[in-house]
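Reader: I would like to go through the salt bridges of this model. Where should we begin?

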Amino acid sequence: MAHGHSHGHAHKHAHGHSHDTADIDWADMGDKLERYAKIAAPMYGEVVAWLRRWVPEPGLVADVGAGPGAVAFLLADAFPGARVVAADPEGPLLERAGERAAREGLADRLSAVRVELPDDVGQLPPADLMWLGKSLHHVGDQGAALAALAQRIAPGGAIALLEGGLGARSLPRDIGFGKPGLQSRLEAVDEEWFAGMRASLPGAKDVVEDWPALLGAAGLRHVATRTFLLDLPAPLPREARTHLVDELARRRDMYDELLGADELATIDRLLDPSDPGGLLLRPDAFLLLAQTVHVAVKDGEQG
Ligand SMILES: C[S@@+](CC[C@H](N)C(=O)[O-])C[C@H]1O[C@@H](n2cnc3c(N)ncnc32)[C@H](O)[C@@H]1O
C-alpha cells in the first residue's frame, strides 16, 4: 500500500474516517491485525534487535495505538524483563489484549489501557521504550501529539515510530487477466483515501511528514531511521494468502465507488476462493513490503 502498511481499519467510506465506529467489526479487525503481526513477526524481530542498541533492557514498554496488542505481545516476548502497556482508544480491542494476556499467563506483565491521543496522553506511564506502529497518522495534529508523547518518555528512554515505507506488492505486473498494473493504480486510490481520512480527523493539521524533524521539534534527539523488509516469496502459506485476501477485500469494499467496472471484475476474480487465478490458489502470489522505523531518544539519566 502507498503508506507501507495496512490501515487495518474497516472504514467503509473513502472519505469518511469518522469516529462513528458503530459499523466496525472489532473481532474481525482484531483477527486481521493479529494475523498480520504473526506473518510479519520475522520483520518485527529485526526491528526489535535493532532497537536494543538504544534500549537494551527497558523496564516499561508502551505500545501506543496498539489495537489488540499484536505487536505489544511480540515486544513482551522480546523483552522478558519489561512490563508492557498496550494503549488504544478502542475498548473491544483492549479487551481482546487483556483476554489474551490472561490466556498466555502474561497478565502480570501486559496490561491494556484506554488512551486516545492527544487528550489521554497523561494516562501513559513513563516509558523506557515507546512504540507507535501506524497509529500516529490517525491523530489530527501529529506534531502536537509527538510533543505530548515526549513528556511521557522516561529520561534515557526512546521512542520508535513506524510510519511509511513501501506499499505491499503481492502479484506480478501482468496477472493474466485484467489490465496490467492493478497494484500501482490501487496505490493511487490508497493515497486519495488516506488524504480524506486525515482531512476528516478532529483538529486535522497538515504537516510535512518529516518524522526526524518532527521528533526533534518534540524535544527528542533523532538517532536513526531504518527500513525493514518483509519478503515472503511464492508459494505463500495459507495464512499469508488469507492476509492478501483480507487486504484486497477491504480495499474493494472501501473503494467500490472509486474503481471502474473492469477493475472491480479483476479484483473479484482475485478474491474468488475457487478461481485458480485468485489469491488463495495462484502459485505466484508473494508478499513484499517495507516499513520504516524512526528512533529518537530523550537525553538524561535512565531511572
Ligand atoms: C493501523 S492500526 C495499528 C495497530 C497496531 N499498532 C499494529 O501495528 O498492529 C491503528 C491503531 O491506532 C489506533 N488509533 C486511532 N486513533 C487513535 C488515537 N487518537 N490515539 C491512539 N490510538 C489511535 C486505532 O484504534 C488502531 O488500533
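Reader: Is R282 buried or exposed?
Author: This is a predicted model, and the accessibility is computed from it. R282 has 6% relative accessibility. The cut-off for buried is under 20%, so R282 counts as buried.

Reader: Which residue forms a salt bridge with R282?
Author: The partner is an acidic residue, and its closest O atom lies 2.6 Å from the closest N atom. The partner is partly exposed, with a relative accessible area of 27%. It is D284.

Reader: D275 forms a salt bridge with R269. Which of the two is buried?
Author: The closest N and O atoms of this pair are 2.7 Å apart. R269 has 35% relative accessibility, so R269 counts as partly exposed. The other residue has a relative accessible area of 10%. Buried means under 20%, so the buried one is D275.

Reader: E239 forms a salt bridge with K38. How many residues apart are they?
Author: The closest N and O atoms are 3.2 Å apart. E239 sits in helix α8 (residues 238-254), and K38 sits in helix α1 (residues 26-39). The pair links distant parts of the chain, and the separation is 201 residues.

Reader: What does K38 count as by relative accessibility?
Author: Its partner E239 is at 32%, so E239 counts as partly exposed. K38 is at 56%. Exposed means over 50%, so K38 counts as exposed.

Reader: Which residues are linked with D31 in a network of salt bridges?
Author: A salt bridge needs a Lys or Arg nitrogen within 4 Å of an Asp or Glu carboxyl oxygen. By this rule the model has 16 salt bridges. In the network, D31 is linked with E34 and R96.

Notes: Residues numbered from 1 in each chain as written. Predicted model: local features only at pLDDT ≥ 70, side-chain atom pairs only at ≥ 80, totals over all residues. Heavy atoms only, no water. Salt bridge = Lys/Arg side-chain N within 4 Å of Asp/Glu carboxyl O. Helix = DSSP H or I, 4+ residues; strand = E, 2+ residues; numbered from the N terminus. Buried < 20%, exposed > 50% of the residue type's maximum accessible area, 1.4 Å probe, protein only.
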